[in-house]
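Dear colleague,

Please find below the structure that I am handing over to you. A summary of what was found in it follows.

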Amino acid sequence: MIDLLSIMAFHAAYAQSIDSDQLESWPDFFTADALYRITHIENEQENLPAGIVWADSRAMLQDRVAALREANIYERQRYRHLIGIPQLLSASAESAEASTPFMVARIMATGETQLFATGVYRDRFVKVNERLLLAERVAVCDSTVTDTLMALPL
């Protein structure tokens, strides 16, 4: 059975990969055909699939990391995730659905720190070779205002 503790450990490792700038390992938290979206609450309430970020495979996530490293020009920054306790919506031996609140602080190269995003992860987990992976992650942000500096994944 996929349990609350395994999902919490997953979240800790996921956040660590982003917060410690190990972005090349970030796509490894997803299945090959995973869906990853960042959107805001109004889009979700109106069932609008459009969002800020949309990717439907691990390969697209890998491309996003490669673009961040090699092509995109953006002000250097890092994140610090604070992840709440997941609400386990359903669970079996091979899959689970959970809703987990998050807050992300953004730290700029100047040292300025600000609350960057708050919201909830709506996740569908699966076990692949005894490893927990995301088949779907929708990061639903509380604010409808999106900072144009959203470079890193949430």
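A residue is called buried when its relative accessible area is under 20%. Pro153, with a relative accessible area of 2%, is therefore buried in this model. Please bear in mind that the model is predicted.

Pro153 belongs to the segment after E7. Leaving aside its neighbours within four places in sequence, Pro153 is in contact with Ile18, Leu23, Trp26, Tyr36, Leu68, Tyr79 and His81. Its C-alpha atom lies 9.7 Å from that of Ala139, and the two residues are 14 apart in sequence.

Aromatic residues

Two of the residues named above, Trp26 and Tyr36, are in contact with Pro153 and also belong to an aromatic cluster. The full membership of this one cluster is Phe10, Tyr14, Trp26, Phe29, Phe30, Tyr36, Phe102, Tyr121 and Phe125. The model has a count of 11 aromatic pairs. One of them joins Trp26 to Phe30: the ring centres are 5.5 Å apart and the planes meet at 75 degrees, an edge-to-face arrangement. Phe30 also pairs with Tyr36, and because the planes stand at 80 degrees, with the centres 5.6 Å apart, this pair is edge-to-face as well. Trp26 has a relative accessible area of 0%, so it is buried. Phe30 likewise counts as buried, at 0% relative accessibility, and Tyr36 is buried too.

Arg137 may be of interest to you here. Its charged end sits over the ring of Tyr14, 4.3 Å from the ring centre. Arg137 also lies over the face of Tyr121, at 3.6 Å from the ring centre. Both Tyr14 and Tyr121 are members of the aromatic cluster.

Helix H1

Helix H1 covers residues 4-19. Its 16 residues should span 22 Å at 1.5 Å a residue, and the end C-alpha atoms are 22 Å apart, so the expected and computed values agree. The buried residues of H1 are Ile7, Phe10, His11, Tyr14, Ala15, Ser17, Ile18 and Asp19. Among the elements that cover them are the strands E1 (30-40), E3 (77-83) and E4 (87-91), together with E5, E6 and E7. After H1 comes Asp21, which has a positive phi near 60 degrees.

Strands E5, E6 and E7

Strand E5 (residues 95-108) runs antiparallel to strand E6 (residues 113-128), and 13 bridges join them. Within this pairing, Ala98 stands opposite Asp123 in E6. E5 and E6 form a hairpin with four residues between them, and Gly111 in the turn has a positive phi of about 100 degrees.

E6 is also joined by 10 bridges to strand E7 (residues 131-141), again in an antiparallel manner. Here Arg122 stands opposite Val138 in E7. The hairpin of E6 and E7 has two residues between the strands, and Asn129 takes a positive phi near 50 degrees.

Thr39

Which residues does Thr39 contact, leaving aside its neighbours within four places in sequence? They are Glu44, Ala50, Gly51, Ile52, Val138, Ala139, Val140 and Cys141. Thr39 is placed in strand E1 and has a relative accessible area of 1%, so it is buried. The side chain of Thr39 makes a polar contact with the side chain of Asn43, at 3.3 Å.

With kind regards

How values were computed. Residues numbered from 1 in each chain as written. Predicted model: local features only at pLDDT ≥ 70, side-chain atom pairs only at ≥ 80, totals over all residues. Heavy atoms only, no water. Phe/Tyr/Trp six-rings, centres within 6.5 Å; stacked < 30°, edge-to-face > 60°. Buried < 20%, exposed > 50% of the residue type's maximum accessible area, 1.4 Å probe, protein only. Lys NZ or Arg CZ within 6 Å of the ring centre and 35° of its normal. Pairing = 2+ DSSP bridges. Expected span 1.5 Å × (residues − 1). Contact = heavy atoms within 4.5 Å. Polar contact = N/O pair within 3.5 Å; in protein donor to acceptor, adjacent residues only side chain to side chain.
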